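Colleague: I am new to this model and would be grateful for a close look at one part of it. Please then connect that part to its surroundings.

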Amino acid sequence: MSVKKQQKLWLFAAGIILTALTLRGAVTVVPPLISTINEDLPLSAATIGILGMLPTAAFGLFGFLTPYVIRLASLEKLIVAAILLGIIGQLVRVMVPTTPLFLVFSVVAFGGLGAGNVLLPPLVKKHFPTKIGLMTAVYVTAISIGTALPAQLAVPVADATNWQFSLSSWVALSTVALIPWFVALFSPKTVAGSAGVDTVAGEPAGGVRGETGATTSADALIIHSSAVATAPPPKMNLWRSPTAWGLTFMFGCTSLNTYALFAWLPEILTEAGLDQAHAGSMLALFGALGLPLSLGIPLIAVKLRNPFPAVVVMLGCFVAGYLGLLLSPADGTWLWVSLTGLGPGTFPLALLLINHRTRTQVGAGALSGFGQGMGYTLACTGPLFFGLLRQWTGSWTAPFMFLFATLLLLGAGAWVICRPRMLEDDFEPAPVV
């Protein structure tokens, strides 16, 4: 590979990783500062509940809308627009004088993040078609880091300055993330074809090589003939696609369970007799397990023709962890939390499958938008229904039964999306002229 091509790859790798670091900061920086914000902007219990649902709702809405504009502009222009939208929302919301405006501009910020969620998979497919597993592992790990750091630093930064600065300080990282994309936009040749990629198919001419250099059974799924590569992608109605719904249920139910545990795990443990500090450390353990999973799962799954057995293992971890938390939360707590924390390994796997179950950039963008848009919408119901069932029954049994039911949907969706079948195969192929 020439020096220029290597430089292009490093440019896009930096852009993808830096962007991934910004995709959760505007969300996780808020909860630790709720009481402080409440001193200036009144936040009732209902408002806090709405604020908790806004991220997944905005991720769902903006994620679902993003694929409709992918054909209108390059992926690089769209990711710049998404980052700028996030920056505007984060800056304006700390300057407004009322709570409703704070919520409105939080939605603006979350919308930019939601669009970024959808755009990263097709960007990986476009610029790193032979390194999909590696790049997915790296950028999902970056998302995990970008989730943890703002929550950890929110209070110390606010104590040293104020809550407005703490919330808006992460705009600096978003600004840095813009740099490689602006460089790409001012270099048209770089945008059009990094690493010798066919920009229509999103894959190198002549097929795709595995990450070790050899063609693997998984890579064979994304190799197609030159006739297919030069044909226009088929018209896709994803509402009628089993592959799209499979990803939706896998991605959505994973997020639903994760957000439900983030919201309610401390309450479950403190009611069982643990002090707040211990419960907080268990929540940190649950979140920390996402880092090794984000890095390891894509690197392993990329070698598998059908990764559904890995999903079964992670579902088993979910079930065992939930049973422990339900039946004996105060004994062996670290074990139950650790098992539960291994379950969301289906999240990075779902992101990997967006690229491994599509042939084209258009297909990857469409599947990413539909799966993440509908999936995050589904995830909104997790903390809400878990809490309502707890309130109605006065027991943790019914809420956990709800989560068990969603695991069945997760498994069914994973069985469909893990099959060695492409999204484009769900539709009539366009005739080759």
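In which helix is Ala-379 found?

Modeller: Ala-379 is found in helix 20. The model is a predicted one, in which local features need pLDDT of at least 70 and side-chain atom pairs count only at pLDDT 80 or more, while totals for chains, interfaces and linings use all residues. Residues are numbered from 1 along each chain as its sequence is written, and side-chain values use heavy atoms, with hydrogens and water left out.

Helix 20 covers residues 361-379; helices here are DSSP runs of H or I with at least four residues, strands being E runs of at least two, numbered from the N terminus. Its 19 residues should span 27 Å at 1.5 Å a residue, and the end C-alpha atoms, 26 Å apart, agree with this. The expected span is 1.5 Å times one less than the number of residues. Since 15 of the 19 residues are buried, helix 20 is largely enclosed by the rest of the structure. Buried means under 20% relative accessible area, exposed over 50%, and partly exposed in between, with a 1.4 Å probe and protein chains only. Ala-379 itself has a relative accessible area of 0% and is therefore buried. Its C-alpha atom is separated by 5.5 Å from that of Ser-255, although the two residues are 124 apart along the chain.

Arg-359 introduces the salt bridges, of which the structure holds four. A salt bridge is a side-chain nitrogen of Lys or Arg within 4 Å of a carboxyl oxygen of Asp or Glu. Arg-359 forms one with Asp-425, with the closest N and O atoms 2.9 Å apart. Arg-359 lies in the loop between helix 19 (346-356) and helix 20, and Asp-425 in the segment after helix 22 (397-418), so the pair ties together parts that are 66 residues apart in sequence. Arg-359 counts as buried because its relative accessibility is 18%, whereas Asp-425, at 33%, is partly exposed.

A second of these bridges joins Glu-271 and Arg-390, whose closest N and O atoms are 2.4 Å apart. This pair links distant parts of the chain, with Glu-271 in helix 14 (residues 242-271) and Arg-390 in helix 21 (residues 381-393), 119 residues apart. Glu-271 is partly exposed at 44% relative accessibility, while Arg-390, at 18%, is buried. In another, the side chains of Arg-421 and Asp-426 meet at 2.8 Å, N to O. Here Arg-421 has a relative accessible area of 33% and is partly exposed, and Asp-426, with 18%, is buried.

Helix 7 may be set beside helix 20. Helix 7 (residues 99-127) should span 42 Å for its 29 residues, and its end C-alpha atoms are 42 Å apart, which agrees. It is mostly covered, with 23 of the 29 residues buried. A bend of about 30° occurs at Leu-119, and Pro-121 follows within four residues; the bend is the angle between axes fitted to the seven residues ending at a residue and the seven starting there.

Finally, the cysteines deserve a word. No disulfides are counted, a disulfide being a pair of cysteine sulfur atoms within 2.5 Å. Cys-253 is buried at 1% relative accessibility, and Cys-418 is buried at 0%.
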